[in-house]
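These are my notebook entries on what I looked up, written for someone who is new to this structure. I begin with the metal site and then go on to the helices and a few single residues.

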Amino acid sequence: MTSTVPQKQMNASTTKANTETLLTPRFYTTDFDAMDKLDLSTVRAEWDELMKEFEGDANKNHFKRNEVYDKELREVPPELKEEFLDFLVSSCTSEYSGHVLYADIKRNVENEDVRKVMGYMARDESRHAGFINLALKDFGLPVSLGFLRKAKKYTFFRPKFIFYATYLSEKIGYARYITIFRQLERHPDKRFHPIFHWFQQWCNDEFRHGEVFALIMKANPHLLRGHNKLWIRFFLLAVYATMYVRDHMRPELHKALGFDPTDYDMRVLDITSQITRQIFTFTLSLDDPRFRRGLDRLARIGKAGAEARKRGGLVGTIRRAAWGIAGFCVFARLYTLPVTTNEIPDDVRTAPVW
Ligand SMILES: [Fe+2]
Ligand SMILES: [Fe+2]
């Protein structure tokens, strides 16, 4: 989909949200007819129970600001502010990307199960994106979400890729938010912005969204077998590596939260990996030193690539291409490392206990 909206309407946040790189959140579309044919009869009992949770809407009143929010708003140093804004824009974009995808699926299918769940998830993601955008508004830099919906490029993913990718991004989203929340529970002095108070209940929404895709995959077990395992491995690595590279570009943000980015990311990956054992028959071997070294190499390449991008011009373009090839080779090497297998439990549902 190409943009017909004048570029000049975009503020810095919207421009950033509308930029396509390997590391920035994308918007997705899919095969709606295939979505319409989803059959959940083999997981009916678990599905209905999950739908009751959605219907209960425990976070209905959660995404509202209160006096604590206003009281704790304060100035932060410029380098931290820049990285924090980057974090907010990218989080807002990926929340909104979820909203757009779920709302589009809902609009384009007749299958009642699918319509209902997509409606619930679109509702949640719209609250999440809106809440972050309010924080951006305080800085005078909200993302124009309506504009983005029309202007941003959409990537087509077959339903199974939507299931793998979205399942993982919901679960890793949970792991990221809960890890930050727990850290700030232990070190309240590091809470430099009030939005972090909201993360605990917030990430329970993401956890629940992940459960939806776990059940969809359970109802379609062929998606978890045979050559599909190669796809799952690809998505695990892509989602993990993207986070790792992106987080290592935000040193000030992690310092302010009292984290070393590597420790933070490994903790998040460990939680995500534990969760994915509910549905995937293997996990990436996070403790393998070759895996760690590969991620570090990717982070260095990511930084160098970003610098080349900033530099621009012919030299910048050539350097970017060279770093791109280097990144591809490291990724390919990581992809071939041995994985750790596990048995999927009969009852796939898990609880957000971290
Ligand atoms: Fe969300
Ligand atoms: Fe979500």
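**Entry 1: the metal site**

I first looked up what holds the iron ion (ligand 1), and found that its protein donors are Glu95 (OE), Glu125 (OE), His128 (ND1), Glu206 (OE) and Glu206 (OE), lying 1.8 to 2.7 Å from it. I keep in mind that this is a predicted model. Along the chain, the donors of the iron ion (ligand 1) follow the spacing E-x29-E-x2-H-x77-E. I noted that glutamate 95 sits in helix H5 (residues 78-108) and histidine 128 in helix H6 (residues 112-138), so that this pair, 33 residues apart, links distant parts of the chain. Both glutamate 95 and histidine 128 are buried.

I then turned to the iron ion (ligand 2), whose protein donors are Glu125 (OE), Glu170 (OE), Glu170 (OE), Glu206 (OE) and His209 (ND1), at 1.9 to 2.6 Å. For the iron ion (ligand 2) I wrote down the donor spacing E-x44-E-x35-E-x2-H. Glutamate 125 lies in helix H6 and glutamate 206 in helix H9 (residues 199-219), so this pair ties together parts that are 81 residues apart in sequence.

How far apart are the iron ion (ligand 1) and the iron ion (ligand 2), and which residue bridges them? The distance is 3.4 Å, and the bridging residue is glutamate 125. I also checked how accessible two of the glutamates are: residues under 20% relative accessible area are counted as buried, and glutamate 125, at 2%, therefore counts as buried. Glutamate 206, at 4% relative accessibility, counts as buried as well.

**Entry 2: two helices, their spans and burial**

I asked what end-to-end distance H5 should have, and whether the model agrees or disagrees with it. At 1.5 Å a residue, the 31 residues of H5 should span 45 Å, and its end C-alpha atoms are 44 Å apart, which agrees. Of those 31 residues of H5, 22 are buried, so the helix is largely enclosed by the rest of the structure.

I repeated the check on helix H8 (residues 159-186), where 28 residues at 1.5 Å a residue should span 40 Å, and the end C-alpha atoms are in agreement at 40 Å apart. In H8, 24 of the 28 residues are buried, so H8 too is largely enclosed by the rest of the structure.

**Entry 3: how helices pack**

I next looked at helix H13 (residues 289-311) and helix H14 (residues 313-335), which pack at an angle of about 165° with their axes 8 Å apart. Angles over 145 degrees count as roughly antiparallel, and H13 and H14 are therefore roughly antiparallel to each other. Their crossing is left-handed. Among the residues that meet across this pair, I listed Phe291, Leu295, Leu298 and Ile301 in H13, and Trp323, Val330, Phe331 and Leu334 in H14.

H13 also packs against helix H10 (residues 228-247), at an angle of about 55° and with the axes 9 Å apart. That makes H10 oblique to H13. Here I recorded a right-handed crossing. Leu237, Ala241, Tyr244 and Val245 in H10 meet residues of H13 that include Phe291, Leu295 and Leu298.

**Entry 4: single residues in loops**

Is valine 76 buried or exposed? With a relative accessible area of 13%, valine 76 is buried, and its place is in the loop between helix H4 (67-72) and H5. Leaving aside residues up to four places away in sequence, valine 76 touches Lys81 and Phe192. From valine 76 to tyrosine 120 I found 44 residues in sequence and 36 Å in space, C-alpha to C-alpha.

Aspartate 57 belongs to the loop between helix H3 (44-56) and H4, and I marked its phi, near 50°, as a positive value in a residue other than glycine. Aspartate 57 is buried, with a relative accessible area of 13%.

Last, I looked up phenylalanine 139, which lies in the loop between H6 and helix H7 (145-151) and, at 25% relative accessibility, counts as partly exposed. Phenylalanine 139 touches Lys81, Phe84, Leu85 and Leu88, again not counting residues up to four places away in sequence. Its C-alpha atom is separated by 48 Å from that of aspartate 346, 207 residues apart along the chain.

How values were computed: Residues are numbered from 1 along each chain as its sequence is written. Chains are lettered from A and ligands numbered from 1 in the order in which they are written. This is a predicted model: local features need pLDDT of at least 70, side-chain atom pairs count only at pLDDT 80 or more; totals for chains, interfaces and linings use all residues. Side-chain values use heavy atoms; hydrogens and water are left out. Donors are N, O and S atoms within 2.8 Å of the metal (3.2 Å for Na, K and Ca); water is not among the atoms, so sites may look incomplete. Helices (H or I, at least four residues) and strands (E, at least two) are DSSP runs, numbered from the N terminus. Buried means under 20% relative accessible area, exposed over 50%, partly exposed in between (1.4 Å probe, protein chains only). The expected span of a helix is 1.5 Å times one less than its number of residues. Axes are lines fitted to C-alpha atoms, for helices over the stretch in contact, and angles run from 0 to 180 degrees between N-to-C directions. Angles under 35 degrees count as roughly parallel, over 145 as roughly antiparallel, 65 to 115 as roughly perpendicular and the rest as oblique. A crossing is left-handed if the near helix is turned anticlockwise from the far one by less than a right angle, and right-handed if clockwise. Contact means heavy atoms within 4.5 Å.
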